[in-house]
Amino acid sequence: MTETPDTFGPYTIVRGQYGRHPVVFAVDHPEDVIQRHHAQGRFYERPELAMIRKAFPANGRFIDIGANVGNHTLFAALVMNAREVVPVEPNARAYNILRANILINAVEDRVDAAWLGFGVGAEAAGGFSLRAPKSNLGAGRMVPEGGNIPVITGDHVVGDAPADFIKIDTEGMEMAVLAGLETTIARDRPAMFIESDDDEREAFLAWLEAHAYVILDTYKRYKVGENFLLVAEEKSKEAARAYHA
């Protein structure tokens, strides 16, 4: 159910509902792949969000690497009631909308927006640029030249507080992101939701074996790439019972 949208500066403000949870979306380009759903008052990738919700621990801390305009960040804060959400997004066009979404949903007290404007990789670096088609901000790819976007590790983003769940959607940089999360993964053994491109599948499966992670569920939306819900092997039996209950 949606109401008549309002306008606020450059954005159209759209009200929607997910079950008993109200949500408000800021939209500046309704033809964008994600924002076309928001323009209808709906979350994007609802089957994937439902998978994440089932695996997310109560009162958990959600790390959103590749947050785009805040679809998963809002879902974690509003629907999953995460105690803290940490979005990371290098694309200024996307994270300015994300900032608006945080404010109009009044969740700024639980969203740490300190890492908007950063990319995530295997090690700290600078000078990156981003290429993103206007009609699909989520397809933006980091390029190690021609820009001023800083790249940091996921370990730096997570910091000393535990990470309970990590979502990674970085358009082909997933393996580099995982390489920069070694300390967090060894310490916290978080559940993860990762989009893996077909051309990196062999490396991804090798990473799972080396780090003792197992696939709890999958979802394939597009011809190229697949989403994987992962849990640490030592937690897998309990996680599977809870997930399939």
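In which helix does His 211 lie? I would like to start from that one residue and then widen the view, and I should say at the outset that what we have here is a predicted model. His 211 belongs to helix H8, which covers residues 201–211. Its relative accessible area is 19%, and because buried means under 20%, His 211 counts as buried. If we leave aside the neighbours within four places in sequence, the residues in contact with His 211 are Glu 182 and Arg 189.

Let me now step back to the chain as a whole. Its secondary structure comes to nine helices and 13 strands. The radius of gyration is 17 Å, close to the 18 Å that the globule rule gives for 245 residues, and so the chain is as compact as a globular protein of that length. Of those 245 residues, 54% count as buried, and among the contacts with a separation of 6 or more, 62% are between residues 24 or more positions apart.

Turning to the strands, six of them form an open sheet with mixed pairing, in the order E5-E4-E10-E11-E13-E12. At the edges we find strand E5, residues 84–88, and strand E12, residues 213–219, each of which pairs on one side only. From one strand to the next, the twist averages 20 degrees. Within this sheet, strand E10, residues 165–168, runs parallel to E11 and is joined to it by four bridges, with Ile 166 standing opposite Met 192 in E11. Helix H9, residues 236–243, lies across E12 and E13, and it runs at about 25 degrees to E12.

That brings me to the interior. The largest nonpolar core has 35 residues, and those with the most contacts inside it are Phe 43, Phe 62, Phe 165 and Leu 229. Several elements give two or more residues to this core, including strand E2, strand E3, helix H2, helix H4, strand E11 and strand E13, while H3 gives the most, with five residues.

What is Phe 165 in contact with, leaving aside its neighbours within four places in sequence? The list includes Ile 52, Ala 55 and Phe 56, then Arg 61, Phe 62 and Ile 63, and further along the chain Pro 190, Ala 191, Met 192, Phe 193 and Leu 229. There is also a second, separate core of 25 residues, which includes Ile 65, Ile 152, Ile 168 and Trp 207.

Finally, a word on the outside: the accessible surface of the chain comes to about 11,200 Å², and 52% of it belongs to carbon and sulfur atoms.

Technical notes: Residues are numbered from 1 along each chain as its sequence is written. This is a predicted model: local features need pLDDT of at least 70, side-chain atom pairs count only at pLDDT 80 or more; totals for chains, interfaces and linings use all residues. Side-chain values use heavy atoms; hydrogens and water are left out. A nonpolar core is a set of buried Ala, Val, Leu, Ile, Met, Phe, Trp, Tyr and Cys residues joined through side-chain atoms within 4.5 Å. Buried means under 20% relative accessible area, exposed over 50%, partly exposed in between (1.4 Å probe, protein chains only). Contact means heavy atoms within 4.5 Å. Two strands pair if DSSP finds at least two bridges between them. Axes are lines fitted to C-alpha atoms, for helices over the stretch in contact, and angles run from 0 to 180 degrees between N-to-C directions. The radius of gyration is taken over C-alpha atoms; the globule rule is 2.2 Å times the number of residues to the power 0.38. Accessible areas come from the Shrake-Rupley method with a 1.4 Å probe; for residues, only the protein chains shown count as cover.
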